Number of protein chains: 2
Amino acid sequence: MDKPYVIGMDMGGTNTVFGVVDSRGSVISKSAIKTSNHPEDVNLYINDIYVELSKLIQAAGGIDKIKGIGIGAPNGNYYTGNIEHAPNLPWKGIVPFAKLMSAKFGIPAALTNDANAAAFGEMTYGAARGMKDFIMITLGTGVGSGIIIDGKVLYGHDGFAGELGHTTAVRNNGRLCGCGKTGCLETYCSATGVARSAREILESTDKSSLLRNIPSEEITSKDVFDAAMEGDEVAKEIFNFTGKILGESLADFVAFSAPEAIVLFGGLSKAGDLILNPIRENMEKNLLPLWRGKIKLVFSDLKEADAAVLGASALAWEL
Amino acid sequence: MDKPYVIGMDMGGTNTVFGVVDSRGSVISKSAIKTSNHPEDVNLYINDIYVELSKLIQAAGGIDKIKGIGIGAPNGNYYTGNIEHAPNLPWKGIVPFAKLMSAKFGIPAALTNDANAAAFGEMTYGAARGMKDFIMITLGTGVGSGIIIDGKVLYGHDGFAGELGHTTAVRNNGRLCGCGKTGCLETYCSATGVARSAREILESTDKSSLLRNIPSEEITSKDVFDAAMEGDEVAKEIFNFTGKILGESLADFVAFSAPEAIVLFGGLSKAGDLILNPIRENMEKNLLPLWRGKIKLVFSDLKEADAAVLGASALAWEL
């Protein structure tokens, strides 16, 4: 009998969300637990998941209806199924998470990092359905990426390919990144990067701006978005700057893998054309002539609340 | 009966070289014709090839011994077998070259661009034997690249992936490139790029240098190499600068595809450690910690005279 469902699970630093998903990409049930209640033992964390997830599985008709579990986790290595040295998770070193989950539930489990899972979800249920070559850029607290080549996630030799947030966008005097390098794309185009740009641009000009009503250190990317929506010129300039940096980098990514499309996902996408226009303009300017006007630049069309679970679940159809 | 040979053919702007190759990567016979004797009709050019190549084929035991023809050509599109708008070839527009060759010889033919062919050759017979994920950088008149992902050449959505010579190495005030963009890696790390750097660095300093004995506009990358080998400090500085630009770019490429190795091929490789050391140092400095010390950086070990034919021939084993 064909198994009609998969489990998708998104492990974040704070919350772990999981759900039962059908083949059309509907999340038919969903629940969540805290990620860090058991920093001393990952098995206790898995127990917590088991208790909650078993209810959803029973409601869906039992474990026999479930093809497998797909997991998106920080520093998740698809090849090994391990979570390796994740700075934002409580368990240190190498955790054989897919194996532990599979043993606990008695069904296959696969794991990858969150950006790869997002790309997988976009290909299976979202804006990249039917595409075999595209690049997913996730614009959140950081900048992540999932690269699809010939219908498969690009993992590379060691399982860690697709760290485009840590390519160097600004070569000289670039911003210090959490990874220890300077000038990383992430330091400009993440939510915190946009807030840093806001502070820099506000300091560099005398122009009036709604953003000056907020203490400089408290400005967030959402404040920039809100101000831009009210027509604030400085806020628009901040988006133009962000879009320029991202567009320039995207052109280099196109020269690498010649994708059909680039899909943008995450908080910044909410800014719509305010961010898409400068991204597109600067990408086009930096493309080889053969690609100009040909690379689709689109936003994810997965519902944000479900996207992470959907992305992770997409992995499980392959099991 | 198994067919023991393939044909490899390398189409350059000036000469077209072809040879019969066995499965161990020995070029058992080789010949060449002028590429541009028949700018009016590509079929006449193919006739010239036919006349010369038929002799080699007969000497190898006849066409029944030949599995197929692999062709490396500028602007060659693997997906279509076409040469598309090649600026350095006499035939304009789109030439269905693989199809024409296959019809003429009565055996299958496949075509790709020269850098992809080089990567294929390196994987089949050379320094990357046994590797499934690596990046080949060809340092010649231009900077080309062939990217191998999971044992296959990366072609991308349209067949033109791997234009790493046209990623932007210098974002502001970069050098004008033949492609119309500025700051392309190729404008710094090709043979002409090195010569440009020589002129710039000589002008920027008063240091004595052997290179000052050569009229500035006539300095070549070979002159820089010769001077560096004699211990010339300015020449070494030129290589350090070139290696810095290339190493920084390589780190970004690693963040994209997490290759096992980067293989360097072409004229600049002759400079050995003089160029390899600054490349490695600057690549390492710009890698995420997880990759430091782990990415092999090697020179091609194919004999330069045979490498292009070998690379093209490797394509034909897949036919």
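**A tour of two chains**

Start in chain B and select helix α7 (residues 233–257) together with helix α8 (residues 273–286): their axes come within 7 Å and cross at roughly 40°. That angle makes α7(B) oblique to α8(B), and the crossing is right-handed. Keep in mind as you go that this is a predicted model.

Now show the side chains at this crossing. On α7(B), pick K236(B), F239(B), N240(B), T242(B), G243(B), K244(B), L246(B), G247(B), E248(B), L250(B) and A251(B). Their partners on α8(B) are L274(B), I275(B), P278(B), I279(B), R280(B), E281(B), N282(B), M283(B) and N286(B). Colour them by class and you should find nine nonpolar, six polar and five charged residues in the contact.

Next, bring both chains into view. Here 29 residues of chain B are in contact with 29 residues of chain A. Which element gives the most to the side of chain B that touches chain A? It is α7(B), the helix you have just visited, with five residues. Coloured by class, that side of chain B divides into 13 nonpolar, eight polar and eight charged residues.

Stay with chain B and move to helix α2 (residues 97–105). Select F97(B), A98(B), M101(B) and F105(B), the buried residues of this helix. Turn the view until you look down the axis of α2(B): these buried residues fall within an arc of 95°, so they line one face of the helix. To see what that face packs against, add α1 (42–59) and the strands β4 (66–72), β6 (82–84), β7 (94–95) and β8 (109–112) of chain B. Before leaving, click on G106(B), which follows α2(B) and has a positive phi, near 70°.

For the last stop, cross to chain A and select helix α3 (residues 114–125) and helix α9 (residues 304–316). Their axes come within 7 Å and cross at roughly 80°, so α3(A) and α9(A) are roughly perpendicular to each other. Where do they meet? From α3(A), show D114(A), A117(A), A118(A), F120(A), G121(A), T124(A) and Y125(A). From α9(A), add A307(A), A308(A), L310(A), G311(A), A312(A), A314(A) and L315(A). By class, this contact of α3(A) with α9(A) has ten nonpolar, three polar and one charged residues.

Notes. Residues are numbered from 1 along each chain as its sequence is written. Chains are lettered from A and ligands numbered from 1 in the order in which they are written. Axes are lines fitted to C-alpha atoms, for helices over the stretch in contact, and angles run from 0 to 180 degrees between N-to-C directions. Helices (H or I, at least four residues) and strands (E, at least two) are DSSP runs, numbered from the N terminus. Angles under 35 degrees count as roughly parallel, over 145 as roughly antiparallel, 65 to 115 as roughly perpendicular and the rest as oblique. Two residues are in contact if their C-beta atoms, placed from the backbone, lie within 7 Å. Ala, Val, Leu, Ile, Met, Phe, Trp, Tyr, Cys and Pro count as nonpolar, Asp, Glu, Lys and Arg as charged, and the others, Gly among them, as polar. A crossing is left-handed if the near helix is turned anticlockwise from the far one by less than a right angle, and right-handed if clockwise. A residue is buried if 20 or more other C-beta atoms lie within 10 Å of its own, exposed if 12 or fewer, and partly exposed in between; C-beta atoms are placed from the backbone. The arc is that of the directions from the helix axis to the C-beta atoms.
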